[in-house]
Amino acid sequence: MSILTCLFLPVIVLAQGGTITGKIISAASKAPVPKASVFLSNATFGTATDDEGNFSLRGVKPGQYDLVVTTLGFEEYSKKILVGAQAITLNIELTPKIMMMKSVTIISNADWKKNYEQFKKDFIGTTDNAKECKVINPRVLDLIYYRKKQELQASADEFLIMENYALGYRVKYLLNNFSSNNISRMIEYSGKILFEELPGSESQKKKWKQRREDTYYGSAQQFYRSLYKNTLTEDGFVIYNFSRVLNQDRFPEEFIQKKFKQFKDINRDSAVFWQRQNDVPKWAQENLMKPPLAANRVLRSTEQEGLYVVTFPYLLYVIYTKKREETYFRDIYRPLDMENYETSVITLLQQPYILFDRNGSVLGNAPLYEGTWSKAKLANMLPVDYEPGD
């Protein structure tokens, strides 16, 4: 049996149309649940149930989505669906939420503001798009910084709402969890997201259309779509197998940070030594394996129509030749004869493959992105149903 037939695929409802209708009731009382929020995560389709608990989503672009239902007093509901030509009808029962007392961590207003600034940088981003984003309700966030681990953690019990005036979206994010570690430089988060069009003048909409296209081209979303369409070359992507070996002469990052913090106020010479350790190369050996790979070297189909797998033995080195990189990434290898194109490195983390759909949306555990794609945080995120020219 091949690796593909052994893959764990999510349980989905298969359909082939653009309409999703249904009714939502309480699992306990069987009464209809009115005014519940129903939406497709990472997309622009959302609504609320009527007084009888009914809802309808129409004109949905084909693809796989997480259908999410959330309302006060009930547990969040989520179900994977695959939309195609036939209508989907769902009968959903919501489980009443057992209200539990949460532990309270008291922090000063100054500490909260400091934590919030780091959260914005690590979750929303620092790109030009991020400069035009406004968070409407930041105080819904629970923010805790653990000094010993140098890790910021965040969560929210209701939608975090951000208005993105660069791309023209109101973004509503149900943030389940978020962590940003200043030692490992790893950022991890999970949640559900709904995009809504912002109202605007014709000139604003024209600007948003251009900015959306600028954001899309060269993105991971476009890359995965190009893979399954076999249009990597036409779309400007070049991929290589890539390997690297850690530099054993460099102390671990956590140890460097610990020593620098220990000596910075008491021994200048020692502090300078440990600060200089940051300049020691992280990798002792890096190998870009030429020639470039064709899409069929890393792409596999699955038994589920519309779902694909990317797999590779080491790391995947992705170059986008239609844009030049404006940010310096110290740990990203660049051959001397390579032009300064946008470059990203993909590392597989919890599983030996990446599962994605035709929308270019990664399903399940996401890989680690370094380089250009590491900049693409919430401010640069587009709905999975976005198409250039829309």
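How many residues lie between S12 and S13 in their hairpin, and which residue in the turn has a positive phi? Let us work through this and a few more exercises together. The model is predicted, with local features needing pLDDT of at least 70, side-chain atom pairs counting only at pLDDT 80 or more, and totals for chains, interfaces and linings using all residues. Residues are numbered from 1 along each chain as its sequence is written, and side-chain values use heavy atoms, leaving out hydrogens and water.

**Exercise 1. Describe strand S13 and its partners.**

Step 1: start with the opening question. The hairpin of S12 and S13 has 4 residues between the strands, and Gly168 in the turn has a positive phi of about 85°. The labels follow DSSP runs numbered from the N terminus: helices are H or I with at least four residues, strands are E with at least two.

Step 2: look at the pairing in that hairpin. Strand S12 (residues 160-164) pairs with S13 in the antiparallel sense over 5 bridges, where two strands pair if DSSP finds at least two bridges between them. Met162 has Val171 in S13 as its bridge partner.

Step 3: move to the next hairpin. S13 and S14 have 5 residues between them, and Arg185 in the turn has a positive phi of about 60°. Strand S14 (residues 187-197) pairs with S13 over 11 bridges, again in the antiparallel sense, and Ser180 stands opposite Ile187 in S14.

Step 4: add S11. Strand S11 (residues 151-156) runs antiparallel to S13, joined by 4 bridges, with Gln153 opposite Ser179 in S13.

Step 5: check burial. Of the 13 residues of strand S13 (residues 169-181), 10 are buried, so the strand is largely enclosed by the rest of the structure. Here buried means under 20% relative accessible area, exposed means over 50%, and partly exposed is in between (1.4 Å probe, protein chains only).

**Exercise 2. Work out the geometry of the H6 and H7 pair.**

Step 1: recall that two packed helices are described by the angle between their axes and the distance between the axes. Helix H6 (residues 253-263) packs against helix H7 (residues 268-276) at an angle of about 160°, with their axes 8 Å apart. Axes are lines fitted to C-alpha atoms, for helices over the stretch in contact, and angles run from 0 to 180 degrees between N-to-C directions.

Step 2: classify the angle. H6 and H7 are therefore roughly antiparallel to each other. The cut-offs are under 35 degrees for roughly parallel, over 145 for roughly antiparallel, 65 to 115 for roughly perpendicular, and oblique for the rest.

Step 3: list the contact, meaning heavy atoms within 4.5 Å. H6 contributes Phe255, Ile256, Lys259, Phe260 and Phe263, while H7 contributes Arg268, Ser270, Ala271, Trp274 and Gln275.

Step 4: sort by class. The contact of H6 with H7 has 6 nonpolar, 2 polar and 2 charged residues. Ala, Val, Leu, Ile, Met, Phe, Trp, Tyr, Cys and Pro count as nonpolar, Asp, Glu, Lys and Arg as charged, and the others, Gly among them, as polar.

**Exercise 3. Lay out the sheet of 5 strands.**

Step 1: write the order. The open sheet runs S16-S15-S19-S20-S23 with antiparallel pairing. Strand S16 (283-289) and strand S23 (368-371) are the edge strands, each pairing on one side only. From one strand to the next, the twist averages 30°.

Step 2: walk across the pairs. S15 and S16 are joined by 6 bridges, and Leu246 stands opposite Trp283 in S16. Strand S15 (residues 237-246) also pairs with strand S19 (residues 315-324) over 6 bridges, with Tyr240 opposite Tyr317. From S19, 6 bridges lead to strand S20 (residues 341-347), with Tyr320 opposite Glu342.

Step 3: place the helix. Helix H4 (residues 220-229) lies across S15, S19, S20 and S23, and runs at about 110° to S15.

**Exercise 4. Find the backbone exceptions in the loops.**

Step 1: keep the background in mind. Most residues other than glycine have a negative phi, and most peptide bonds are trans.

Step 2: check Asn230. This residue is not a glycine, yet has a positive phi of about 60°. Asn230 sits in the loop between H4 and helix H5 (232-235) and is exposed, with a relative accessible area of 53%.

Step 3: check Lys30. Its phi is positive too, about 65°, and Lys30 is partly exposed at 49% relative accessible area.

Step 4: check the peptide bonds. The bond from Lys290 to Pro291 is cis, with omega near 5°, and Pro291 lies in the loop between S16 and strand S17 (299-301).
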